[in-house]
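Student: I've got this one open on my screen and I'd like to go through the labels people put on it. Can we take them one at a time?

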Amino acid sequence: MAKTNNEIPYKIYLEESELPKQWYNLRADMKKKPAPLLNPGTGKPMTLDELSVVFCRELAKQELDNDTKFIDIPEEIYQFYKMYRPAPLVRAYFLERALGTPAKIYYKFEGNNTSGSHKLNSAIAQAYYAKKQGLKGVTTETGAGQWGTALSMACAFLNMDCQVYMVKVSYEQKPFRREVMRTYGAKVTPSPSNTTNVGRKILEEFPGTGGSLGCAISEAVEAAVSQEGYRYVLGSVLNQVLLHQSVIGLEAKAALDKYGVKPDIIIGCAGGGSNLGGLIAPFMGEKLRGEADYRIIAVEPASCPSFTRGTYAYDFCDTGAVCPLAKMYTLGSTFMPSPNHAGGLRYHGMSSTLSELYDQGMMEARSVEQTSVFAAAEQFARVEGILPAPESSHAIRVAIDEALKCKETGEEKTILFGLTGTGYFDMVAYEKYNNGEMSDYIPTDEDIAKSLAKLPKVPGEN
C-alpha cells in the first residue's frame, strides 16, 4: 500500500532487489520513430555492418533497435551496478522551505559514485560489450570530464585500454578531473590536438580554439578506426546511451510509485541527451501510450541552444564530418560554443530520439544563462548540502523557477529533476562566479546562421 505524501522520508532508497534488471527502450513506444542515421557517402541508412566498423557490434544492434521494448541487463553489468545503485531519490524539503513554495520537489541523485555522475551507467555497459567482443580498448571524447572519468573507471575494472580526447578548454579548466582519469589508467589528450589528421585540420581552420565536443568526437573516431582492436564509444546523444541511462528514470519512477507520488513536471539538463533521456524514459513512455501526462522540460545553456534556436535537420555528429549524419536539433557541426563552465552541455546537436519527441510537441525546452545557473547552484548547495555540477544546475535553475511560480499561484505541483553529478571538480567556475568574473555569452543570430549554412545537403530533408 502506497504511503501518504506526508510520510515521505528525506531520502528514498529502493531495495537492492528492486534494481531494474532490464533497460527500457523508449523508441519502442514511439509511433513515429527517430530518423535513421545516414551514411554521409551514400545518403542511405547506416547498416549494422557499417556501424560495427566504429562501434562494438552489440552496441550497434542496440543503436538500430527501434522495436524491442525491454533489453536484459547482462549479469556482469547488473553486479557492477550494485556497487552504487540503486541511487537515492531525495525530497528537497529544505529547498522547499527556503523558497516558501507549496510545490513538492524531488531530485534523483546520480553523483554517489567516484565518477561523480550518471555516466557510469552507460560506461560500464559499453566497456563490457567491447571486452566481450575481444577488443583491446576503446576511444572516446569528454567535455566536462564526467564521461571520461566514468569510462576510465569501467575500463580499469575490465582491464581494457582507454583513450580520451578531452575538450581543450575543459582540459585546462579541470586538471583534477583529468588526473582522476589518468589515475584509472586512461590516456588523456586535449582536443583539438596534433595527434590526428582531423585535429590538425580543425586547428588550421580554427586557430587557438578551445575545442568542442564535436571536435573531440572526430578525433576519437579517427583514433578508433586507425588502431586494430579498438572501437569508439560515446557518452551521450546515441540511442544506445539513452537505453542504458533508462535505469535513472526506472528507479525514480519505482521510488515515486512506492509512495503514491506522481510528478507534474519533470526537468532535466540537455546537452546531448543522456541525462534527460534517461530520467524521462518511463514517464515519456506512459505519455506516449496515453496512460499518463507529464510536463517535461529540457534545459540547455543559452550559449549553446540546440533545441531553442537550432534547426531540425540532418547534420554531422562531429566537427570533422567523419561520423554518420543524424537528424537532430542542431546549431551546425561547425558551431563553436563559448567556453562556458558547463562543459558537458557544449554540444552542437541533440539526441535524435529527443529531437523527434520535441518536434512532436511531447516536451518543452528552455535556455538559461550561466550566471543564473550558478546562482541556483549556490542556493541549492547552501540548503540541500550537495555541491551540484554546472550541467545539473541548469535543471535546478528551472526547478526553482517553477517552484516559485507555484508560490505565486498557490498551486501544489510536484516537481522532479535530475541531479546527475557533483561539482567538486568545477571550483574554477564557482570561483569565477563568486568573484563576479563570470559572464553570459549568447550567440548572435549571425553566429548560428553561419554554422547552419554549412549543413550537409540531404535529398528530401534539409
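Student: What makes strand 12 and strand 13 a pair?

Tutor: This is a predicted model, by the way. Two strands pair if there are at least two bridges between them, and six bridges join strand 12 (residues 311-316) to strand 13 (residues 325-330), so they count as paired. They run antiparallel, and Tyr314 stands opposite Lys327 in strand 13.

Student: Why is strand 12 called mostly covered?

Tutor: Buried means under 20% relative accessible area, and five of the six residues in strand 12 fall in that class.

Student: How do you know that strand 10 and strand 11 belong together?

Tutor: Same kind of test: the cut-off is at least two bridges, and five bridges join strand 10 (residues 265-269) to strand 11 (residues 295-301). These two run parallel. One bridge to look up is Ile265 with its partner Arg295 in strand 11.

Student: What makes strand 1 and strand 14 edge strands?

Tutor: The sheet is open, with seven strands in the order 1-4-5-15-10-11-14 and mixed pairing. Strand 1 (11-12) and strand 14 (364-368) each have a single partner strand, so one side of each has no neighbour in the sheet.

Student: Which strands stand at the edges of the sheet with order 8-7-6-9?

Tutor: That open sheet has four strands with parallel pairing. Strand 8 (187-191) and strand 9 (230-232) are at its edges, each with a single partner strand, so each has one side left without a neighbour. On average, neighbouring strands there are turned by 20 degrees against each other, direction ignored.

Student: And how do you know that strand 7 pairs with strand 8?

Tutor: Strand 7 (residues 161-167) and strand 8 share five bridges in the parallel sense, against a requirement of at least two. Gln163, for instance, has Lys187 as its bridge partner in strand 8.

Student: Why is helix 11 called oblique to helix 12?

Tutor: The axes of helix 11 (residues 239-258) and helix 12 cross at roughly 55 degrees and come within 6 Å. Roughly parallel needs under 35 degrees and roughly perpendicular needs 65 to 115, so helix 11 ends up oblique to helix 12. The crossing is right-handed.

Student: Which residues make that contact?

Tutor: Among them are Val241, Leu242 and Ile248 of helix 11, and Gly277, Ala281 and Phe283 of helix 12. By class, the contact has ten nonpolar, six polar and two charged residues.

How values were computed: Residues are numbered from 1 along each chain as its sequence is written. This is a predicted model: local features need pLDDT of at least 70, side-chain atom pairs count only at pLDDT 80 or more; totals for chains, interfaces and linings use all residues. Side-chain values use heavy atoms; hydrogens and water are left out. Axes are lines fitted to C-alpha atoms, for helices over the stretch in contact, and angles run from 0 to 180 degrees between N-to-C directions. Buried means under 20% relative accessible area, exposed over 50%, partly exposed in between (1.4 Å probe, protein chains only). Angles under 35 degrees count as roughly parallel, over 145 as roughly antiparallel, 65 to 115 as roughly perpendicular and the rest as oblique. A crossing is left-handed if the near helix is turned anticlockwise from the far one by less than a right angle, and right-handed if clockwise. Contact means heavy atoms within 4.5 Å. Ala, Val, Leu, Ile, Met, Phe, Trp, Tyr, Cys and Pro count as nonpolar, Asp, Glu, Lys and Arg as charged, and the others, Gly among them, as polar.
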